[in-house]
Amino acid sequence: MQKNILVTGGAGYIGSHVTVRLHEEGFQPILLDNFSNANKSVLEGLKKITGKVFPCYEGDVLDEALLGKIFSTHQIQGVIHFAAKKAVGESVEKPLSYYKNNVSGLITLLEAMMSHGVAQLVFSSSCTVYGQPDELPVTEGSPKKPANSPYGNTKQIGEEIIEDTVKSGQRLQSIALRYFNPIGAHPSAAIGELPLGTPNNLVPFITQTAAGLRKELTVFGNDYHTPDGTCIRDYIHVMDLADAHVQCLKHLETLAENHHFDVINVGTGNGSTVLEAIQSFEKVTGKKLPYTLGLRRPGDVEKVYAAAEKAKEVLHWQAHLTLDDAMRDAWHWQQKISGSDKSPM
Ligand code: UFG
């Protein structure tokens, strides 16, 4: 019997890639998405890759009745919870919307899980909880820093809510995966990242610029204390990230205890500067990227990259794909959605 896994935000960027891997690993993904930051075309992409149409509920994680219906209709083994807002800048302007979606949404989901006896939860957290770490690479034991945005705060609060629920004696086995910087797309280019409006994140901005949709990229600051002066991040291919979720579910299944909470970094362990990311893109695509060196972006941390040992020990997972792989796949995806450059690479 296939195990049903509820994927909230299953039509989103990471959720859709996880859905593919769940299917490939023999799980039955059940999707819930309100399509506020996802497009219905993602479902076509999923069908193209897997040949399957997965049950997909259009609705909100705040909708108790809908959650009740899903949990009563399908015997759900575990939940992977992505459904959340994720734009740092927008969260500063609309904090209540972020707290409602990300915090109340999680509480509503946990209540529904508890009342239907569903114990396994993978929570989508972020390396943003570390702020600018005092030591690198950053381990899971590093102190959390005060969040510098409501978005970041919702990830910290989310982890605490789950941990407190576990401590209270509820039957809940959960791992918060702290993602570093997910980039890239499925190698088939049938699914990928679909940012709404002007992208905030580096790689969609790079690919849109290369496709001629943006004039040029601004590199936010070149006076940081890094080898070339630009910020350092741990860019992880979204397919590697997707694998980590499947491994996490498999790990939760092996746990003897009914009450469990842990946090695990999901990164490559390698840091790359913004200029190195641009060079990687130019190398794999053969395209020259127009960019200028600009001012620092307020709120950016200087450098952060993961200590990846815990994921290896606990989840038997490590990243296999490179920055070049991710840039190549992100570019294929951009070409597919913009249709602006069909030249072979
Ligand atoms: N950058 C540019 N120009 C751009 C966009 C980004 O130079 O147009 C730089 C940023 O300054 C940063 C790097 O590229 O140095 C990566 O920026 P991203 O916006 O892609 O990613 P961030 O690391 O800033 O943010 C990501 C997630 C957030 C999360 C954060 C946690 O997008 O959701 O990591 O550290 F909160």
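Just after helix α2 in this predicted model, Gly51 adopts a positive phi of about 75 degrees. The helix that leads up to this glycine, α2, spans residues 41-50, and its buried residues are Val42, Gly45, Leu46 and Thr50. Viewed down the axis of α2, these buried residues fall within an arc of 110 degrees, so they line one face of the helix. A general feature of helices helps here: an α-helix has 3.6 residues a turn, so residues three or four places apart point the same way. On α2, the face turned away from the buried side carries the exposed residues Glu44 and Lys48. The buried residues, for their part, pack against helix α1 (13-24) and strand β2 (27-33).

The loop between β2 and α2 holds Phe35. With a relative accessible area of 13%, Phe35 is buried, because buried is taken as under 20%. Once neighbours within four places in sequence are set aside, Phe35 is in contact with Ala11, Lys40, Leu43, Cys56 and Glu58. Phe35 and Gly12 are 23 residues apart along the chain, and their C-alpha atoms are separated by 8.0 Å.

Another buried residue is found in helix α5, which covers residues 95-115 and includes Val103. The relative accessibility of Val103 is 13%, and this residue therefore counts as buried. Apart from neighbours up to four places away in sequence, Val103 is in contact with Tyr98, Thr154, Ile157 and Ile161. A distance of 28 Å separates the C-alpha atoms of Val103 and Glu302, two residues that are 199 places apart along the chain.

Attention now turns to the backbone. Most residues other than glycine have a negative phi, and most peptide bonds are trans. Against that background, a cis peptide bond joins Leu136 and Pro137, with omega at about -5 degrees. Pro137 has its place in the loop between strand β5 (120-126) and helix α6 (150-167). Ala189 is a residue other than glycine with a positive phi, near 65 degrees. It belongs to the loop between β7 (181-183) and α7, and at 8% relative accessibility Ala189 counts as buried. His316, which is not a glycine either, has a positive phi of about 55 degrees. This histidine is found in the loop between α10 (309-315) and α11. At 64% relative accessibility, His316 counts as exposed.

Helix α11 itself runs over residues 323-338 and contains Asp325. The relative accessibility of Asp325 is 17%, so this residue counts as buried. A polar atom of the Asp325 side chain lies 2.8 Å from the backbone nitrogen of Thr322. Leu213 sits elsewhere along the chain, in the loop between α7 (202-210) and β8. With a relative accessible area of 47%, Leu213 is partly exposed. Not counting residues up to four places away in sequence, Leu213 touches Gln208, Gln334 and Ser338. The C-alpha atoms of Leu213 and Ser142 are separated by 40 Å, and the two residues are 71 places apart along the chain.

What surrounds the ligand? The shell consists of 20 residues, of which Asn201, Thr218, Arg233, Arg297 and Asp300 are the closest. Strand β8 (residues 217-220) gives the most to this shell, contributing four residues. Sorted by class, the shell has ten nonpolar, six polar and four charged residues.

Several polar atoms of the protein lie beside oxygen atoms of the ligand. A backbone N or O atom of Asn200 is 3.4 Å from one ligand oxygen atom. For Phe220, a polar backbone atom lies 2.8 Å from an oxygen atom of the ligand. Arg297 contributes through its side chain, with a polar atom 2.8 Å from a ligand oxygen atom. Taken alone, the ligand exposes 670 Å², and the protein buries 89% of that area.

Key. Residues are numbered from 1 along each chain as its sequence is written. This is a predicted model: local features need pLDDT of at least 70, side-chain atom pairs count only at pLDDT 80 or more; totals for chains, interfaces and linings use all residues. Side-chain values use heavy atoms; hydrogens and water are left out. A residue is near a molecule or strand if one of its heavy atoms lies within 4 Å of it. A polar contact is a pair of N or O atoms within 3.5 Å; within protein, one must be able to donate a hydrogen and the other to accept it, and residues adjacent in sequence count only if both atoms are side-chain atoms. Accessible areas come from the Shrake-Rupley method with a 1.4 Å probe; for residues, only the protein chains shown count as cover. Helices (H or I, at least four residues) and strands (E, at least two) are DSSP runs, numbered from the N terminus. Ala, Val, Leu, Ile, Met, Phe, Trp, Tyr, Cys and Pro count as nonpolar, Asp, Glu, Lys and Arg as charged, and the others, Gly among them, as polar. Buried means under 20% relative accessible area, exposed over 50%, partly exposed in between (1.4 Å probe, protein chains only). The arc is that of the directions from the helix axis to the C-beta atoms. Contact means heavy atoms within 4.5 Å.
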